[in-house]
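Please look through the sequence and the structure shown here before reading on. The text after them is a guide to selected features.

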Amino acid sequence: MAVTIKALRKSLWVYHVNAGACNNCDIEVLELLTPRYDVERFGMVLVGSPRHADVLAVTGVCTRQTMPRIQEVYLQTPKPCVVMAIGSCALDQGIFTEAYHMGPRVDEAIKAVDPNAIIAYVPGCPPKPEAMIDAAVAAMELLKSME
Amino acid sequence: MNLLLAIVVFLLAAAASLAVGLLLKWVDRLVTARVQWRVGPPWYQPLADVVKLMGKENLMPATARQTGFLLAPVAALAATAVAAAVLWYGVLHPSGAFIGDLIVVLYLLAIPAAMTILGASASGNPHAAVGATREIKLLLSYELPLFLAVLVAVSKAGWSFRLGSFAAHGPALYSLSGVIAMLVAVVCMQAKLGLVPFDVAEAECEIMSGTYVEYSGPSLGMFLMSRAMMLAVLPALLVLVFWGGLGGPAWLSVPSFVLKYVLLVALTTLIRNTNPRLRIDQVMKLFWYALTPAAAVALALALHGW
């Protein structure tokens with residue numbers, strides 16, 4: 001299905017999953033839609049339902065409470081899809097590492113339900129919009145290998 | 001031989017409407033982007049969206065009724081394709097069209113909305129249920145004024161329900177009743193296309209795309225294609241019914257048709273970009289207390305020769 005994957009790379013629809021972020025990463029995610037960055041140039045738009053999504057933009061730490069929800073949202077996203085772990089918290093729990101309410105890392109939680117999940121990591125607290133665009137490009141390259 | 005010709009015309013018209021619709025969708029998105037001081041997507045964006053959706057997984061919600069859920073997008077796409085075929089045949093072949101094709105087109109163009117309601121109800125999602133009730137209310141709001149407005153043009157064309165006869169009788173628009181009817185029809189077109197300010201049924205920020213919330217992959221793609229074709233078909237219908245279609249002097253007919261067509265599309269984009277979303281009760285009040293009486297007055301004026 002080379003054609004559909006090619007089209008997928010040109011049209012990544014993003015669903016924003018806030019797993020418990022401090023809103024800093026979320027502001028930076030919304031920055032991508034502004035005239036300065038305008039990711040719609042690459043066909044990326046925000047959608048309202050995980051069923052329409054190709055990219056899950058996960059921000060925030062994965063707590064024990066949110067872990068089953070993140071996994072459920074991932075399962076409800078039609079494949080092929082990409083998970084973007086955005087920010088230090090989503091990457092390795094940031095300053096909350098030793099807190100009592102922590103679940104696994106976001107990528108571990110996703111890999112627990114799908115070992116073959118495609119995950120892009122965006123470090124930073126918060127990451128710059130440029131870093132997120134870079135991760136999107138990396139995700140597109142990963143999808144290219146599926147063609 | 002005639003049957004073969006009809007099939008070829010049908011396929012060509014459906015494919016052409018889809019291509020034009022996707023292109024218009026891009027124009028719509030590009031203009032929106034430019035209004036917001038952005039660059040906007042490349043020209044193939046709507047095509048890439050649809051092709052991508054065809055390759056995605058089609059998820060079935062646990063709460064859904066499978067038959068209705070999967071059949072609805074197919075029926076919506078098929079109805080729009082047939083409507084496009086009948087309409088373009090009426091535009092290009094004024095003499096060859098059959099009696100009553102106007103009624104058939106209007107009837108077929110109501111089916112996508114009905115199928116959206118069916119699919120949303122079958123999905124068993126509360127957001128979709130809210131979207132479905134809103135879509136029903138929208139349908140009840142805009143269908144009557146649209147039919148009354150079209151009836152004005154029909155009365156001007158000597159009570160002929162053939163798409164071909166509008167071009168022959170001169171544009172209905174160049175009269176008082178015609179202007180009112182056209183204005184009503186443009187607002188109804190906006191509502192039929194589900195564009196802002198009438199996108200209550202799929203309000204993204206309040207009910208998460210409402211009627212389409214559970215749709216994914218090819219099913220969603222079919223709904224999107226159906227809507228793109230509606231975007232291509234409805235302005236053509238309005239130009240044909242109210243604005244003379246391909247009539248007039250031969251050298252002017254095609255350029256003027258295209259110009260009017262583009263003008264109507266630009267108008268919908270402009271309305272979409274400069275208005276906030278209305279609440280569903282505001283939508284119904286607008287249609288029932290303002291536009292339906294206006295269309296009725298226009299019809300009365302038309303019957304008195306204005």
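The paragraphs below take up a strand of chain A, then chain B, then the contact between the chains, and lastly some backbone details.

The model is predicted, and its local features are described where pLDDT is at least 70. A starting point in chain A is strand S1, which covers residues 13-18. Five of the six residues of S1(A) are buried, so the strand is largely enclosed by the rest of the structure. Burial here rests on a count: a residue is buried if 20 or more other C-beta atoms lie within 10 Å of its own.

Which strands pair with S1(A)? One of them is S2(A), residues 45-46, which runs parallel to S1(A) and is joined to it by two bridges. In this pairing A:Trp13 has A:Val45 as its bridge partner in S2(A). Between these two strands the chain passes through helix H2(A), residues 24-31, and the resulting β-α-β crossover is right-handed. Strand S3(A), residues 55-59, also pairs with S1(A) in the parallel sense, here over five bridges. Within that pairing, A:Val17 of chain A is matched with A:Val58, its bridge partner in S3(A). As background to such pairings, side chains in a regular strand alternate between the two faces of the sheet.

Chain B is built from helices: there are eleven of them and zero strands. Along the sequence, the pattern is accordingly α-α-α-α-α-α-α-α-α-α-α. The radius of gyration of chain B is 19 Å, and the globule rule gives 19 Å for 306 residues, so chain B is as compact as a globular protein of that length. Taken along the principal axes, the box filled by the C-alpha atoms of chain B is roughly 55 × 50 × 40 Å. Of the 306 residues in chain B, 50% are buried. Among the contacts in chain B with a separation of 6 or more, 79% are between residues 24 or more positions apart.

The two chains touch each other through 26 residues of chain B and 20 residues of chain A. On the side of chain B that touches chain A, helix H2(B), residues 45-54, and helix H9(B), residues 217-242, each supply at least two residues. The largest share of that side comes from H2(B), with six residues. Sorted by class, the side of chain B that touches chain A holds twelve nonpolar, seven polar and seven charged residues.

Some details of the backbone remain. In chain A, the peptide bond from A:Lys79 to A:Pro80 is cis, with omega near 0°. A:Pro80 sits in the loop between helix H3(A), residues 67-75, and strand S4(A), residues 82-86. Chain B has a cis peptide bond between B:Val196 and B:Pro197, where omega is about 5°. The loop that holds B:Pro197 lies between helix H7(B), residues 176-192, and helix H8(B), residues 204-207.

Positive phi values also occur at residues that are not glycine. A:Asp38, in the loop between H2 and S2 of chain A, has a phi of about 40°. Is A:Asp38 buried or partly exposed? A:Asp38 has 18 C-beta neighbours inside 10 Å, so it counts as partly exposed. A:Gln93 has a positive phi of about 70° and lies in the loop between helix H4(A), residues 87-92, and helix H5(A), residues 106-113. A:Gln93 counts as buried because it has 20 C-beta neighbours inside 10 Å.

Methods:
Residues are numbered from 1 along each chain as its sequence is written. Chains are lettered from A and ligands numbered from 1 in the order in which they are written. This is a predicted model: local features need pLDDT of at least 70, side-chain atom pairs count only at pLDDT 80 or more; totals for chains, interfaces and linings use all residues. A residue is buried if 20 or more other C-beta atoms lie within 10 Å of its own, exposed if 12 or fewer, and partly exposed in between; C-beta atoms are placed from the backbone. Helices (H or I, at least four residues) and strands (E, at least two) are DSSP runs, numbered from the N terminus. Two strands pair if DSSP finds at least two bridges between them. A crossover is right-handed if, with the strands pointing away from the viewer, the path from the first strand over the helix to the second runs clockwise. The radius of gyration is taken over C-alpha atoms; the globule rule is 2.2 Å times the number of residues to the power 0.38. Two residues are in contact if their C-beta atoms, placed from the backbone, lie within 7 Å. Ala, Val, Leu, Ile, Met, Phe, Trp, Tyr, Cys and Pro count as nonpolar, Asp, Glu, Lys and Arg as charged, and the others, Gly among them, as polar.
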